[in-house]
Amino acid sequence: MKQIDELLKNSKKIHFIGIGGAGMCPIAEILLSLGYTVTGSDNNDTETFRRVEKEGAKVYLGQVKENIADDVELVIYTNAILDGNEELEYAKKNFPAFERAEALGALSRIFSNCIGICGTHGKTTVTSMTTQILLDAGLDPSAVIGGKLPAIDAYGRFGKSQNFVCESCEYNNTFLHMNADMAVVLNIDEDHLDFFKNLENIKKSFRKFCENTTKTIIYNGDDKNTADMLKAIEGKRLISFGKSADCEWQAKNVNVPGGFRSDYDAYHNGEFVAHVEISVPGEHNILNSLAAFAASYESGADISGICRALKEFRGAGRRFEFKGTYRGVTIVDDYAHHPKEIEVTLNAAMKMGYKRVWAVHQPFTFSRTAALLDDFARVLQIADKCVVSEIMGSREVNTIGIKATDLSDKIPNCMQIDKLADIADYLAENCKDGDMVITLGCGDVYKVSRMLADKLK
């Protein structure tokens, strides 16, 4: 048994540093529900920070060593905290302290049906879909999700069953701390090259995640990288999904007419199972829903209930999230920050019948922007109009010397405007009745959608 598993089993009082983070809050809530005494701190007074306080945690705004009581038995911290943080340095010197990923790994071993949903793209959507299906089926899952699920108005929940739906992120090999009982592998693509360096290293990490899985692997049979990664893997039950005839779960008669609805026929081992309607746009969501269908079916959900929940599912927060229509301009926000994600999102938007689609993109990290510059330029041209903000460096220093104009200069009909407030001003002046504006990125570009809505109101 790992050290954190033993500590979690025998501790009663746990302190979180960064408790308001979207990834930290649901873990804290699950532990509160399991009967632990939880305290925590954060530098930001957010909705999630106040939510976990309402659930029963004692919280502190600001991070100082005095936040940690002497009788705390275990500290869990987010890796987003910068070096030199007084509270974190004190915790590491005086208490058993573990990163969020290690705590999530320990949680994965508490449940007998931990569904670890991984992939370069689509994790949050499929985790959300699967959680909503199991909820509607009365299977009372616990969940940790990378986006807010409107059905529960939260990033996660505690359920009283053995079902645990967990978004499993590959960055920094976070998911290798987990032992899922059922792995769902959506796809494998080149991303996070600042960490992985190349595609082969990404495949190795996904393979290790699958080897750590105890029972079943549900995988995208249409994705070559995923199929290559799983070659010669042993001791697991393998279940494929996709559009090709050799997949165990197959989507046939796919209909993506545009708008927010699509439908298809689900087949299992060549036999018709159900006609499935979904209420989220884009052809990529056909396979996302089929993956959730297979995982939910294997977890005990009945077919009619799966279909009902998929039809009712309206998306997760920041995943083609409809923000409203103001003065004839429809505003949508999406987390897409990789060329493949932007491509499928913009292709879906372009089929929805709007007069013009505006892509507002915030490049995230200097290394990713430089490594995938031509791919970003290619996919952003799908939109009728494009606006590119300054690059959000996040954890990086710009040692490469790359600029946002290096990207915008490669895109026809593109404006480069550094500040988000100035972008909102530009859009308010130039968007017309019948246009769609979609903000794209994993940083804070979502603020443009809010500011634009306020201006158009």
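Q: What makes the six strands β16, β17, β21, β18, β19 and β20 an open sheet, and which of them stand at the edges?
A: In this predicted model, the strands follow the order β16-β17-β21-β18-β19-β20, with mixed pairing. β16 (321-326) and β20 (414-416) each have a single partner strand, so one side of each is left without a neighbour in the sheet. Direction ignored, neighbouring strands are turned by 15 degrees against each other on average.

Q: How do you know that β19 and β20 pair, and in which sense?
A: Two strands count as paired if there are at least two bridges between them. Strand β19 (residues 385-388) and β20 have three bridges, in the parallel sense. One bridge partner pair is C386 with C414, the latter in β20.

Q: Which helices lie on this sheet, and what are their directions?
A: Helix α16 (residues 420-430) lies across β18 (356-361), β19, β20 and β21 (435-440), and runs at about 175 degrees to β18. Helix α17 (residues 446-456) touches β16, β17 (329-334), β18 and β21, and its direction makes about 160 degrees with that of β17.

Q: Why is β7 called mostly covered?
A: Buried means under 20% relative accessible area. In strand β7 (residues 142-149), six of the eight residues are buried.

Q: What are the partners of β7, and how does each pair with it?
A: Strand β9 (residues 163-167) runs parallel to β7 and is joined to it by three bridges; here A143 stands opposite V165 of β9. Strand β8 (residues 154-157) pairs with β7 in the antiparallel sense, also over three bridges, and V144 has G156 in β8 as its bridge partner. β7 and β8 form a hairpin with four residues between them, and D153 in the turn takes a positive phi of about 55 degrees.

Q: Why does the span of helix α10 agree with its number of residues?
A: At 1.5 Å a residue, taken over one less than the number of residues, the 15 residues of α10 (residues 284-298) should span 21 Å; the end C-alpha atoms are 22 Å apart, which agrees.

Q: Why is α10 described as largely enclosed?
A: Twelve of its 15 residues are buried, so the rest of the structure largely encloses the helix. Among the buried residues of α10 are N285, I286, L287, L290, F293 and S296. Just after α10, G300 has a positive phi of about 110 degrees.

Q: What makes up the largest nonpolar core, and which residues have the most contacts inside it?
A: A nonpolar core joins buried residues of nonpolar types through side-chain atoms within 4.5 Å. The largest has 49 residues, and F16, I19, L31, V38, F164 and V185 have the most contacts inside it. Helix α2 (residues 25-33) gives the largest share, six residues. Leaving aside residues up to four places away in sequence, L31 touches L8, I14, F16, Y36, V38, I76 and L107. Another core lies apart from this one; it has 40 residues, including V184, I218, F241 and A274.

Q: How do you know that the protein is as compact as a globular protein of its length?
A: The secondary structure comes to 17 helices and 21 strands. The radius of gyration is 22 Å and the globule rule gives 23 Å for 457 residues; the two are close, so the protein is as compact as a globular protein of that length. Along the principal axes, the C-alpha atoms fill a box of roughly 60 × 55 × 40 Å.

Q: What share of the residues counts as buried?
A: Of the 457 residues, 57% are buried. Among contacts with a separation of 6 or more, 64% join residues 24 or more positions apart.

Note on methods. Residues are numbered from 1 along each chain as its sequence is written. This is a predicted model: local features need pLDDT of at least 70, side-chain atom pairs count only at pLDDT 80 or more; totals for chains, interfaces and linings use all residues. Side-chain values use heavy atoms; hydrogens and water are left out. Buried means under 20% relative accessible area, exposed over 50%, partly exposed in between (1.4 Å probe, protein chains only). Helices (H or I, at least four residues) and strands (E, at least two) are DSSP runs, numbered from the N terminus. Contact means heavy atoms within 4.5 Å. Axes are lines fitted to C-alpha atoms, for helices over the stretch in contact, and angles run from 0 to 180 degrees between N-to-C directions. The radius of gyration is taken over C-alpha atoms; the globule rule is 2.2 Å times the number of residues to the power 0.38.
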